[in-house]
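Okay, thanks for coming, everyone. Let me pull this one up on the screen and walk you through it.

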Amino acid sequence: MYAPLPASFLARAARSDAWAHWLDGLPRLITDICQDWGLEPDGAVMTGEVAAVLPVRAEAGEPAVAKFGLPHSEAELEHLALRTWGGDGAVRLLRADPRRFVLLLERAEPGHDLIEVPVVEACEIVGGLYGRLHRPAIPQLDRLSAHAARWVEELPRLRDTHIVPRRFVEQAISLARDFASDPETDQTLIHSDLHYANVLAATRQPWLAIDPKPLAGDPAYEVAPLLWNRWEEAVASGSIRNAVLDRLFAVVDVAGLDEDRVRDWVVVREVVNVLWSTQEGSRPGHEDWVTTATTIVKAVQR
């Protein structure tokens, strides 16, 4: 038997009918999976933004985790990315039930991630992981170029809002249009959400990636989350621009990425973040999110 799900996680049922339906059936799903797969609970349930993770003992007492995800499009093909990587730079996939969004994964060290590692060093570690994770794109994945084409249509909503300087909106639209028609935009299997909390310490390899949101994409697209996460450290540094560029250069140097292409994707992703944030204007921290995105766009300009 496992400990009850945290009340704060169950309270997310108020977010939507989809959340309510999934959370209502989650206790039974956990019980069924443990019985069907012969798993023994081995600790308290951990929760993320859209998943519950239960430490378990699998066959022959092997430590593992069972991940139960809220059904949503970004997690639909996680198992395919993990299977493609085969444990090289990412946690091993031991078993999957994609229909129910359940994965059995190698257990790394939850709570031991890159957040406590000095930020430039952490960026270098992530840059090193890119070389292992970036493979030829598999055919089932969504294409980044399709997202870019959609952003070309959506970003003009920001033109007259004065939320972000119009010149940055126009820049993002132009860059997204170019990326949408660039064959290089869709050539590579990318993680797309490889920030500091999604890299865990492990014994088999020093660091392993978790929680991919895989795309057929562009390696240069990957860098932006390393800039907006751990933002308070950039603010406290005394020079936000230098702090942002130190992170960017660290990744570019280790991973051998095209610096200009990285800068361009940062502009697109941050202006898209502003768009998404305005669509959720009542979300706590909305104004801070817009300020952060705008500041990063300014910092990466040539």
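**A helix, two cores and a loop**

Let's start where helix α2 stops: right after it comes G38, with a positive phi, near 65°. Keep in mind this is a predicted model.

Now back up into the helix itself. α2 covers residues 17-37, so to speak the whole 21, and from first C-alpha to last it reaches 29 Å, close to the 30 Å expected at 1.5 Å a residue. There's a bend, though: about 45° at L26, with a proline, P27, following within four residues.

Which residues of α2 are buried? Quite a list: W19, W22, L23, L26, L29, I30, D32, I33, C34 and W37. And what covers them? The cover includes α1 (7-10) and a set of strands, namely β1 (40-41), β3 (51-57), β4, β5 (93-97) and β6 (102-106).

On to the cores. The largest nonpolar core has 81 residues, and W151, L155 and W265 touch the most other members. Helix α10, residues 259-279, gives the most to this core, with nine residues. Apart from that core lies another one, of 23 residues, and W22 and I30 from our helix are among them, along with F68 and V102.

Back to L155 for a second. Leaving out residues up to four places away in sequence, L155 touches V169, A172, I173, V271, V272 and L275.

Last stop, E76, in the loop between β4 (63-69) and α3 (78-85). Buried or exposed? In between: E76 is partly exposed, because its relative accessible area is 46%. E76 and D288 sit 212 residues apart in sequence and 30 Å apart in space, C-alpha to C-alpha.

Technical notes. Residues numbered from 1 in each chain as written. Predicted model: local features only at pLDDT ≥ 70, side-chain atom pairs only at ≥ 80, totals over all residues. Heavy atoms only, no water. Core = buried A, V, L, I, M, F, W, Y, C linked by side-chain atoms within 4.5 Å. Buried < 20%, exposed > 50% of the residue type's maximum accessible area, 1.4 Å probe, protein only. Helix = DSSP H or I, 4+ residues; strand = E, 2+ residues; numbered from the N terminus. Contact = heavy atoms within 4.5 Å. Expected span 1.5 Å × (residues − 1). Bend = angle between axes of the 7 residues up to and from the residue.
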